[in-house]
Amino acid sequence: MSATDLFLCDSHVHTRFSADADTPLEKVCRQALLLGLRAVCITDHVSFWAGDRNFPPFDYRSFKRAIDRCRDRFGHRLTILMGVEVDYHSEHEAQIADYLADKPFDFVLGSLHYLNGRHLLTEECFSQFADLRTLMASYVEAVHEMVASELFDAIAHLDWIKRGWHQYVDPATADGCLLTYAAREVEDLLEAVRESNIALELNASGYRRNVGQPFPNREILVRYREAGGRLITVGSDAHRLPELAYAVAEALELALSVGFEEVTVYRERQPISIPIRAYEGDPLRDWAPAGRPQLEPL
Ligand SMILES: [Zn+2]
Ligand SMILES: [Zn+2]
């Protein structure tokens, strides 16, 4: 099967509105059209914790204007969704809720990039615990807390900690580190994700990173499926233009191979499940929330 048989939407993309990216939104849209994407969801970083690399919060008003401009310009050929990737820090839950309350985001990704104030890709993060089991269990419990906050539509890059593991602990065992050390906590977390009816993100950026596989890995995806999980979003986590949609097709193939026949895309914070292949029409544009007339085309 070729990539064009798949419903291609990149649900995790950064632009110059993120502190760690510099691509103008217009370029992302043009590239998305060149790549044959049906939709793109822009998820720039927002954080309320001053110690965060993604702090200060981004310029929402300019971001919204850029989204509107691109919808005017490209919307007849490309669905442009307005998302955000929020850094979760439990002490800022109320602030996050307030921030999200009056903004028309389509999709809110919850991300954990820090553990006890230490970035997950630093050696300090790995040396702060007495043993590896405690480290991994603490990490999964922090993600669990993020799920319990009910602030988010999807959990971003669940086993992202394996990047640091690969670098600071052992490249050979990075793949299974989460399940090897914290299987029970992971099972509990996946159950909570399913019960909360939020989505698990399959983040393709790992294919281009040192770990060579998505976040989370295949085994966690299988367990999520077995736990009854059905909602998955797929994104490249592109921070540079050539990374747009990178390995999204591989991630979709992986999802199909473990039994997921649909990918979830959020619009107006409502999950829309779309057949990964053999979809008909334009599922995102044809969608209308229950009880409401069909939306005007973007
Ligand atoms: Zn992230
Ligand atoms: Zn990201």
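## Burial and overall form

Of the 298 residues of the chain, 46% count as buried. This figure, like those that follow, comes from a predicted model. The radius of gyration of the chain is 18 Å, and a compact globule with 298 residues would have a value near 19 Å, so the chain agrees with that expectation. Along its principal axes, the C-alpha trace spans about 55 × 40 × 40 Å.

## Secondary structure and contacts

The chain contains 10 helices and 11 strands. How much of the contact set joins residues at least 24 apart in sequence? Among contacts between residues at least 6 apart, the share is 73%.

## The pair H7 and H8

Helix H7 covers residues 177–196, and helix H8 covers residues 218–226. The axes of the two helices come within 11 Å and cross at roughly 30°. Angles under 35 degrees count as roughly parallel, and H7 and H8 are therefore roughly parallel to each other. Their crossing is right-handed.

Which residues bring the two helices into contact? On the side of H7 they are Leu178, Leu179, Val186, Glu187 and Leu190. On the side of H8, these residues meet Glu219, Ile220, Arg223 and Tyr224. The residues of this contact divide into six nonpolar and three charged, with no polar residue. Glu187 in H7 is one of the charged residues, as are Glu219 and Arg223 in H8. The nonpolar residues include Leu178 and Val186 from H7, together with Ile220 and Tyr224 from H8.

Methods: Residues are numbered from 1 along each chain as its sequence is written. Chains are lettered from A and ligands numbered from 1 in the order in which they are written. This is a predicted model: local features need pLDDT of at least 70, side-chain atom pairs count only at pLDDT 80 or more; totals for chains, interfaces and linings use all residues. Helices (H or I, at least four residues) and strands (E, at least two) are DSSP runs, numbered from the N terminus. The radius of gyration is taken over C-alpha atoms; the globule rule is 2.2 Å times the number of residues to the power 0.38. A residue is buried if 20 or more other C-beta atoms lie within 10 Å of its own, exposed if 12 or fewer, and partly exposed in between; C-beta atoms are placed from the backbone. Two residues are in contact if their C-beta atoms, placed from the backbone, lie within 7 Å. Axes are lines fitted to C-alpha atoms, for helices over the stretch in contact, and angles run from 0 to 180 degrees between N-to-C directions. Angles under 35 degrees count as roughly parallel, over 145 as roughly antiparallel, 65 to 115 as roughly perpendicular and the rest as oblique. A crossing is left-handed if the near helix is turned anticlockwise from the far one by less than a right angle, and right-handed if clockwise.
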